[in-house]
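The following exercises concern helix packing and ligand contacts. Each task is followed by a solution in steps.

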Amino acid sequence: MLTIRPLSQAEYDARIPALKAEYAADEVRAGRGAPQDALARVEQQFAALLPDGLATEGQLMFAGEVDGEVVGFLWIALPTADRPQAWIYEIQVDEAHRRRGHGRALMLAAEDELRARGVTRLGLNVFGHNPGARQLYESLGFETTSQQMSKALE
Ligand SMILES: CC(C)(COP(=O)(O)OP(=O)(O)OC[C@H]1O[C@@H](n2cnc3c(N)ncnc32)[C@H](O)[C@@H]1OP(=O)(O)O)[C@@H](O)C(=O)NCCC(=O)NCCS
């Protein structure tokens, strides 16, 4: 059974650089902003989102464990005045552990954690080039609230 516990500082330090690189690659793939500035933009976003790193108020990070082994990572933000719903900034199941139900279990653990804190709505962003994640969210009852579209012009 999967359980979640707060991420340690060492785990944060190990995961965040790779996460920034993935965010930047996703932005480039989605055609957002100048590619050469993608990592710099992500650095700015992270500095704004996580001014106190792991200790930032309202930002919750967890490791997902199965039988004492870490299988994934979860980053949730609590609602703010500007965003009246909680937000999933990242869910990751480490590559060797995928397609065994851990992603679903991490999402359900996130929902439980938020319900226990009195939160009534949860949102997230998912890129069109990530159909597996989209399928996971849809199977859990998430509905599309907005959609960006793009077409390559030959
Ligand atoms: C998305 C992710 C968290 C899914 O984790 P997982 O543990 O493999 O997911 P689960 O085993 O719980 O899968 C649940 C369902 O999601 C869907 N799904 C998950 N991965 C899929 C894939 N690669 N292709 C198609 N469907 C997929 C399926 O419907 C699956 O149910 P099934 O296995 O019964 O068919 C994982 O692939 C991941 O960490 N990806 C990299 C990070 C990422 O993209 N995060 C999402 C950012 S929005």
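**Exercise 1.** Which residue has a side-chain N or O atom 2.7 Å from an oxygen atom of the ligand? Place this residue among the surroundings of the ligand in this predicted model.

*Solution.*
1. The residue is Asn130, with an N or O atom of its side chain 2.7 Å from a ligand oxygen atom.
2. Around the ligand there are 18 residues, and Asn130 is among the closest, together with Val93, Arg99, Gly101 and Gly103.
3. Backbone atoms also take part: an N or O atom of the Gly103 backbone is 2.8 Å from an oxygen atom of the ligand, while one of the Ile91 backbone is 2.9 Å from a ligand nitrogen atom.

**Exercise 2.** Describe the packing of helix 1 (residues 9-29) and helix 2 (residues 38-49).

*Solution.*
1. The axes are 9 Å apart and form an angle of about 125°.
2. Angles over 145 degrees count as roughly antiparallel and 65 to 115 as roughly perpendicular; helix 1 and helix 2 are therefore oblique to each other.
3. Their crossing is right-handed.
4. Helix 1 contributes residues including Ile16, Leu19 and Lys20, and helix 2 contributes residues including Leu39, Glu43 and Phe46.
5. This contact of helix 1 with helix 2 comprises 10 nonpolar, one polar and two charged residues.

**Exercise 3.** Characterise the crossing of helix 3 (residues 102-116) and helix 4 (residues 131-139).

*Solution.*
1. The axes come within 11 Å and cross at roughly 50°, so helix 3 and helix 4 are oblique to each other.
2. The crossing of helix 3 and helix 4 is right-handed.
3. Gly103, Arg104 and Met107 of helix 3 meet Leu136, Tyr137 and Ser139 of helix 4.
4. The residues of this contact comprise three nonpolar, two polar and one charged.

Key:
Residues are numbered from 1 along each chain as its sequence is written. This is a predicted model: local features need pLDDT of at least 70, side-chain atom pairs count only at pLDDT 80 or more; totals for chains, interfaces and linings use all residues. Side-chain values use heavy atoms; hydrogens and water are left out. Axes are lines fitted to C-alpha atoms, for helices over the stretch in contact, and angles run from 0 to 180 degrees between N-to-C directions. Helices (H or I, at least four residues) and strands (E, at least two) are DSSP runs, numbered from the N terminus. Angles under 35 degrees count as roughly parallel, over 145 as roughly antiparallel, 65 to 115 as roughly perpendicular and the rest as oblique. A crossing is left-handed if the near helix is turned anticlockwise from the far one by less than a right angle, and right-handed if clockwise. Contact means heavy atoms within 4.5 Å. Ala, Val, Leu, Ile, Met, Phe, Trp, Tyr, Cys and Pro count as nonpolar, Asp, Glu, Lys and Arg as charged, and the others, Gly among them, as polar. A residue is near a molecule or strand if one of its heavy atoms lies within 4 Å of it. A polar contact is a pair of N or O atoms within 3.5 Å; within protein, one must be able to donate a hydrogen and the other to accept it, and residues adjacent in sequence count only if both atoms are side-chain atoms.
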